[in-house]
Amino acid sequence: MSAAGVALMLGGAGILLAASPAQAAEVSFKTECIPPPISGMPPVQGTTKVQITAPAEAKVGDEVEVVWKTVEAASKNPDVIDLEKDTVKPTGTIKVTGAATADLKMEGPRQNPPIPKNSPMVLSDMKGKLKLEKAGEVTLTPDAYNINVSKPMSTDTKCTPKETVKAAATIKVTEAGGGTSGGTTSGGSDTGGTAAGGTASSGGSTTSAGGTTSGGGDGGQSDFPGKEVTVAFECKSPGPASINSKVAINAKKNNGSYDLIVKTAKGVMDSPAALPAGALKPSMAIPVGGADKGTVPVTGPANKDPLEQGKPVDLPDMTGTYKPGATGKSTLSPGTLTIEVTLGAQKITIPCTVKGKAEVSLELDTSAQPGGASGGTTSGGTAGGGTATTGGGLADTGAADNGGLRALGLVAGTVILLGGAVFTFTPWRHLRGSR
C-alpha cells in the first residue's frame, strides 16, 4: 500500500500524523575543483549532487542542525590507487539568506569506507548549527567545499560552484522576537587548504654581495665571495610554473681546486604538506664559463626538522668542488635547481631550469688542474650524505605530460586522488623572500 493510502487509513481511524520535523532537498551544480598549485594539474570539472536536510519550521531563538549529504561527487576515484578507510574529510559552506544572512560552516568526520579504484568518491555527511534570530523565511544554498586527504600526506583541494546554485531548503521561522537579521553559526570550519599562489618576490641571501671577484691564482687570497644575482626558474610539472630567488656562489680555494658554497634566499618555499625530517633535499648544477667549460654539481643536506604545512622553508647551503680545467678567467653562474623529495624508499625529483641566461655570480683566475672541468663536468660535494652525480646530479622526471605524472605518482607512492584527478605533490610552493 502506498504512503498516501496508509495516511488515509490512519486519518480515518482518528490518528493524527505529525508533520515531518525536517525536509530534505537535492540540488545539482557544475563544480570546478582546483588541485594544489604545486601539483601542476589543471582544474577538474564535474557535477556535484547535494542533499540538504533542515527543519521545515522553527521558532525565533531556536538553534537548528543542518546536514549536507554529498549524493554524488564530481567524479570517480580513477583507476590508479585505492584510498584507505577513514582518510577523507570534507568541509564546506552553506549560504544562508533571507531572514538570516550567514556563511554556515559545515564539517564532516574523517570517516569513509575504503574507496577502490574506478569507483565513486565517498564523502561523509557534513553538519552545522544555525541559530535563528528573526522571523521570516531562511533559505539554505550549498556553496564551496573542501576535500582533505590525510594519506600519504595531508593535502586539500578546493571545489567551487561554476553556476548559480538553487536553494536546497527553506526554513519558516515564526514568533518574532528581539533578534537581529542574520543568523550566527557554529560548527565545523574548513580544514586549511592550499596557500594562495603567485610568484613570490625575491630577496637577498645571507652572503654579502662581494661583486664579481677575481684572484685565486695569485696574491694568497683563499676566500672569494660571489655576487647575489636574481634568477628566474621554470619548473617541470608537477612543480610550480615559475620560481624567483637570489643566488650567490661563494668559493674557497683548496690547493688548485675550489670548495663552492651556494646560497639561496631565506624562506624560499612554503611547505604544502607536513613532511618528516630528511624528506627534502636540494641540488644545483653550476655552469662554468669564460676560459673554462663544464658543469659543477652542488648538493645540500636534507631538512633536519619536520616541515609544517604552509610554513616557510629554508633551502640549506649547497656545496661541491670545482676543479678548473683551463687557465684564465673562469665564471660560475646559477644553473638548474632540483628539489628531491624522499618518502620511505621512494623518491620524486623535479628540476627547475633557468629561464634565459643567469648572470655570472663569481669570476675566478684559474689554473688548469689534471682531470679538471674543461669540456665536461666535475665531481660534486658530499654535503647531505651523498656525492652528486656527473651532469649535476639532475634527473629528468619524464613527467611533462599527464601520463608521465601518473606513472611518477605510482612509483613515488605519493599519489592523492581527489575528484577524479591524480594529484602528485612535491614539497614547495614558490621560492620567495630574502635572507
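Which residue in E24 is the bridge partner of Ser283? Select Ser283 together with strand E24 and the partner turns out to be Thr338. Before going further, note that this is a predicted model, in which local features need pLDDT of at least 70 and side-chain atom pairs count only at pLDDT 80 or more, while totals for chains, interfaces and linings use all residues. Residues are numbered from 1 along each chain as its sequence is written, and side-chain values use heavy atoms, with hydrogens and water left out.

**Stop one: strand E19**

Select residues 280-290, which make up strand E19; strands (E, at least two residues) and helices (H or I, at least four) are DSSP runs numbered from the N terminus. Eight of the eleven residues of E19 are buried, where buried means under 20% relative accessible area, exposed means over 50%, and partly exposed lies in between, with a 1.4 Å probe and protein chains only.

Now add the strands that pair with E19, bearing in mind that two strands pair if DSSP finds at least two bridges between them. Strand E24 (residues 337-343) runs antiparallel to E19 and is joined to it by five bridges. Strand E20 (residues 294-299) is also antiparallel to E19, with six bridges, and a hairpin of three residues makes the connection between E19 and E20. To find the register here, select Ala285, which stands opposite Pro297 in E20. Strand E23 (residues 328-332) is joined to E19 by three bridges, again antiparallel, and in E23 the residue opposite Gly289 is Thr331. When colouring side chains along such an element, recall that in a regular strand the side chains alternate between the two faces of the sheet.

**Stop two: an aromatic cluster**

Select Phe224, Tyr258 and Tyr322, which ring pairs link into a cluster. Rings of Phe, Tyr and Trp (its six-membered ring) pair if their centres lie within 6.5 Å, and planes under 30 degrees apart count as stacked, over 60 as edge-to-face and the rest as tilted; by this rule the structure holds three aromatic pairs. The rings of Phe224 and Tyr258 have centres 6.1 Å apart and planes at 70°, so this pair is edge-to-face. That pair links distant parts of the chain, with Phe224 in strand E14 and Tyr258 in strand E17 (residues 257-263), 34 residues apart. Phe224 is buried, at a relative accessible area of 1%, and Tyr258 is likewise buried, at 1%.

Turn next to Tyr258 and Tyr322, whose rings are stacked, with 6.1 Å from centre to centre and 25° between the planes. Because Tyr258 lies in E17 and Tyr322 in strand E22 (residues 318-322), this pair ties together parts that are 64 residues apart in sequence. Both Tyr258 and Tyr322 are buried.

**Stop three: salt bridges**

Stay with strand E14 (residues 223-224) and select Asp223, then Lys252 in strand E16 (residues 242-254), 29 residues apart. Their side chains meet in a salt bridge at 3.2 Å, N to O, the term meaning a side-chain nitrogen of Lys or Arg within 4 Å of a carboxyl oxygen of Asp or Glu. Asp223 counts as partly exposed at 43% relative accessibility, and Lys252 is partly exposed at 43%.

The whole structure contains eleven salt bridges, including the one between Lys69 and Asp125 at 4.0 Å, N to O. Lys69 sits in strand E4 (residues 63-72) and Asp125 in the loop between strands E8 (119-120) and E9 (126-131), 56 residues apart. Another to select is that of Asp103 and Lys95, at 3.0 Å, N to O.

**Stop four: the nonpolar cores**

Where do the most contacts inside the largest nonpolar core fall? Select Ile52, Val138, Leu140 and Ile171, the residues with the most contacts inside this core of 38 residues; a nonpolar core is a set of buried Ala, Val, Leu, Ile, Met, Phe, Trp, Tyr and Cys residues joined through side-chain atoms within 4.5 Å. Several strands each supply at least two of its residues, among them E4, E9 and strand E10 (136-149), and E10 gives the most, with five. Centre the view on Ile171, whose contacts (heavy atoms within 4.5 Å) include Ala54, Val64, Leu132, Val138 and Leu140, residues up to four places away in sequence not being counted. Apart from this core lies another, of 34 residues, among them Phe224, Val229, Val313 and Cys352.
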